[in-house]
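Trainee: Can you take me through this one? I'd like to start with how the helices pack.

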Amino acid sequence: MTGRNQTTISEFLLLGLPIKSEHQNLFYTLFLAMYVTTVLGNLLILILICLDPHLHTPMYLFLSNLSFSDLCFSSVTMPKLLQNMQSQDLSIPYAGCLTQMYFFLFFADLEDFLLVAMAYDHYVAICFPLHYTTIMSPRLCLFLVLLPWILTTFHAMLHTLLMARLHFCEDNVIPHFFCDSSALLKLSCSDTRVNELVIFFVGGLIIIIPFLLIIMSYARIVSSILKVPSAKGICKAFSTCGSHLTVVSLFYGTIIGLYLCPSAHNSTVKETVMSMMYTVVAPMLNPFIYSLRNRDMKGALRRVFCKKKNAFSL
């Protein structure tokens with residue numbers, strides 16, 4: 001801190017993506033299309049689950065929360081990125097930066113915990129099919145939904161309050177397209193050791209424990225299938241878990257590679273690309289790889305459109 005300008009800054013500059021100026025419009029159109037697809041896809045899932053009574057089950061309760069989380073998670077970063085690309089105004093107020101960081105952490109953690117709840121739901125459905133309705137009671141389902149919202153609120157608030165106590169001096173340029181906590185720590189002229197320890201231990205637990213719980217759920221599923229191996233059981237397990245495993249791999253693969261690997265080994269471009277994978281690509285793909293290809297969702301879509309068609313014909 002000694003020898004550095006102690007003038008507190010009031011805004012940051014988001015450098016955005018490392019894109020050449022001649023390609024700016026092309027990528028703007030691409031990202032706008034991806035964001036619109038994310039919004040429409042997840043909104044469609046939410047509407048179908050709300051309107052169709054056949055989808056009022058534990059699985060689709062978790063899925064509706066996941067779709068809402070994906071919708072909000074993408075909306076935390078994408079509108080600002082698109083605005084910056086179009087207007088070339090890279091500034092974001094200090095308070096706006098901390099707010100963006102809070103909601104980014106909140107919805108990232110929420111998706112993390114919801115994936116665990118969905119893995120447990122699959123485990124009960126495959127390993128205890130006759131007792132599924134008893135085990136997945138409305139009270140347990142409500143608990144599995146409310147607990148992630150509570151835990152993520154406190155975790156995101158913890159990191160935001162710790163960041164708010166830091167001072168930022170001359171350097172206010174963030175080489176990223178959103179206010180990432182690791183990028184902000186590098187700009188601070190305060191002692192960041194407490195923040196780094198909390199990120200390493202608490203943040204590590206937030207990633208590792210849910211990931212291990214998912215691994216345990218699928219280990220029990222595989223063990224249950226191998227006890228009575230049959231083509232029907234394997235097909236049922238694959239149809240139930242295949243899409244969820246794809247989502248888990250996409251989400252955790254980039255998260256673990258980005259945040260649990262030493263940052264010194266990651267270039268700025270690599271960090272930006274990996275961040276795009278789980279903040280933009282994953283929320284856009286989730287409706288397709290997990291929901292819209294699902295037989296129940298297709299049936300709900302047909303039923304909703306048939307009702308609308310009959311209503312208009314009357």
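Trainee: Which hand does the α2 and α5 crossing have?
Mentor: Right-handed, meaning the near helix is turned clockwise from the far one by less than a right angle, while anticlockwise would be left-handed. This is a predicted model, where local features need pLDDT of at least 70, side-chain atom pairs count only at pLDDT 80 or more, and totals for chains, interfaces and linings use all residues. Residues are numbered from 1 along each chain as its sequence is written, and side-chain values use heavy atoms, with hydrogens and water left out.

Trainee: At what angle do the axes of α2 and α5 cross?
Mentor: Roughly 20°, and the axes come within 10 Å. Axes are lines fitted to C-alpha atoms, for helices over the stretch in contact, with angles from 0 to 180 degrees between N-to-C directions. So α2 is roughly parallel to α5 (angles under 35 degrees; over 145 is roughly antiparallel, 65 to 115 roughly perpendicular, the rest oblique).

Trainee: And how do α2 and α3 cross?
Mentor: The axes of α2 (residues 58-87) and α3 (residues 94-127) cross at roughly 155° and come within 9 Å. That makes α2 roughly antiparallel to α3. Their crossing is left-handed. Helices here are DSSP runs (H or I, at least four residues), numbered from the N terminus.

Trainee: New topic: what does UniProt list as "transmembrane region"?
Mentor: The unreviewed entry's list includes residues 26-48 and 113-133; such annotations may be inferred rather than shown by experiment.

Trainee: How much of 26-48 is helix?
Mentor: Residues 26-48 are 100% helix, with end C-alpha atoms 33 Å apart. Residues 113-133 are 81% helix, with end C-alpha atoms 22 Å apart.

Technical notes. Helices (H or I, at least four residues) and strands (E, at least two) are DSSP runs, numbered from the N terminus.
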